[in-house]
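Open the structure in your viewer and keep the selection panel at hand. The tour goes from the ligand to a sheet, then to some backbone oddities.

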Amino acid sequence: MTILDGKKTSQEIKEEIKVTVTSMKERGERVPHLAAVLVGNDGASLTYVGSKVRSCEQIGFESTLIRLEEEISEEELLLQIDQLNKDKTLDGYIVQLPLPKHINEERILLAIDPKKDVDGFHPANFGRMALDLDAFIPATPFGIIQLLERYEVPTSGKHCVVVGRSHIVGRPISILMSQKGPAGDATVTVAHSRTKNLSELTKQADIIVMALGIPEYLTADMVKEGATIIDVGITRVADESHPKGYVIKGDVAFDEVAAKSSFITPVPGGVGPMTIAMLLKNTLLARQWNQA
Ligand code: NDP
């Protein structure tokens with residue numbers, strides 16, 4: 001059994017980006033610049049945005065954190081988006097989700113210039129991705145593809161069952177893995193909350209991508225011997241014995257499933273760190289594409 005080590009691989013990707021940024025600096029070019037818009041004071045969002053900004057600093061990107069009041073109106077936020085779209089010193093930006101309830105998320109995401117949409121959530125990018133054109137691929141599925149590629153996990157002709165059909169994980173990874181090319185050419189089944197007899201499907205799968213958000217849902221009896229397991233789930237589970245008062249759990253009962261699998265991602269240290277690395281990769285791509 002091989003652990004698909006997202007911590008190590010994401011570090012390698014960041015090092016590769018750092019080398020490119022260093023040579024940009026040496027040539028006197030402007031370095032990539034990522035901005036993050038954070039509305040309100042949600043603790044988890046603050047943590048996520050903080051680590052994105054810190055990662056930018058580590059690899060030599062310029063970064064800007066734009067913090068806005070929870071009470072900001074939709075119109076004011078749209079004005080802020082418009083300014084970011086026009087800012088020629090900025091290559092890409094993200095609007096950290098979720099937004100407060102009085103703001104229409106879809107309206108905000110549609111206002112982002114697709115050329116700066118490094119989260120890859122704009123329909124223009126999603127459509128381009130689905131059509132095999134150059135696009136910003138959402139960071140989590142992009143990270144999964146990188147892990148599969150770099151560990152040379154066989155995918156061609158394999159049966160992949162994706163559990164979850166969200167727009168940011170399940171749906172895009174199912175499209176990417178069925179496309180031609182590296183980490184693709186799989187026969188993909190997409191499962192969701194209405195799927196009947198899920199374990200009959202997962203037991204046939206060569207690759208299982210779990211992206212539903214229910215801790216330790218996938219157990220050993222649902223998996224065939226030698227399967228590859230990608231665990232996207234991140235759930236905080238209360239645990240008084242832990243200093244933080246919680247532990248992070250994935251969607252896979254790791255120990256028992258790992259014993260049967262050929263490749264598996266741990267939680268934490270699997271898909272999570274890859275997500276940030278691929279956001280940085282998208283920002284570098286934005287810098288390169290937009291200057292071309
Ligand atoms: P969503 O809640 O948007 O989607 C969950 C999906 O799981 C839905 O499609 C839902 O089906 C399906 N589902 C729910 N219950 C079942 C069930 N019992 N059987 C089969 N399918 C089910 O979640 P996300 O995709 O945003 O996130 C999934 C998990 O991944 C979460 O734990 C999240 O925290 C984590 N995550 C981790 C990231 C990382 O960087 N590692 C990044 C993004 C997310 P239906 O459509 O029918 O409702």
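Helices (H or I, at least four residues) and strands (E, at least two) are DSSP runs, numbered from the N terminus. This is a predicted model, where local features need pLDDT of at least 70, side-chain atom pairs count only at pLDDT 80 or more, and totals for chains, interfaces and linings use all residues. Residues are numbered from 1 along each chain as its sequence is written, and side-chain values use heavy atoms, with hydrogens and water left out.

**Stop 1: the ligand**

Select the ligand and its shell. A residue belongs there if one of its heavy atoms lies within 4 Å of the ligand. You should get 20 residues, with Arg165, Ser166, Ser193, Ile234 and Thr275 the closest. Helix H10 (residues 271-291) gives the largest share of this shell, three residues. By type, the shell holds ten nonpolar, nine polar and one charged residue. Here Ala, Val, Leu, Ile, Met, Phe, Trp, Tyr, Cys and Pro count as nonpolar, Asp, Glu, Lys and Arg as charged, and the others, Gly among them, as polar.

Now show polar contacts (pairs of N or O atoms within 3.5 Å). Which distances separate ligand oxygen atoms from side-chain N or O atoms of Arg165, Ser166 and Thr275? For Arg165 it is 2.7 Å. For Ser166 it is 2.5 Å. For Thr275 it is 2.8 Å. The protein covers 70% of the 930 Å² of accessible area that the ligand has on its own. That area comes from the Shrake-Rupley method with a 1.4 Å probe.

**Stop 2: a sheet**

Select E2, E3 and E4. They form an open sheet in the order E3-E2-E4, with parallel pairing. Two strands pair if DSSP finds at least two bridges between them. Strand E3 (62-68) and strand E4 (92-95) are at the edges with a single partner strand each, so one side of each has no neighbour in the sheet. Four bridges join E2 (residues 33-39) to E4. Find Ala36: Ile94 in E4 stands opposite.

Add helix H2 (residues 43-59). H2 packs on the sheet and touches E2, E3 and E4. Contact means heavy atoms within 4.5 Å. The direction of H2 makes about 160° with that of E3. Axes are lines fitted to C-alpha atoms, for helices over the stretch in contact, and angles run from 0 to 180 degrees between N-to-C directions.

**Stop 3: backbone oddities**

Most residues other than glycine have a negative phi, and most peptide bonds are trans. Go to Leu97 and Pro98: a cis peptide bond joins them, with omega about 0°. Next, the bond from Val267 to Pro268 is cis, with omega near -5°. Finish at Asp185, not a glycine, yet with a positive phi of about 60°.

Terms used
Polar contact = N/O pair within 3.5 Å; in protein donor to acceptor, adjacent residues only side chain to side chain.
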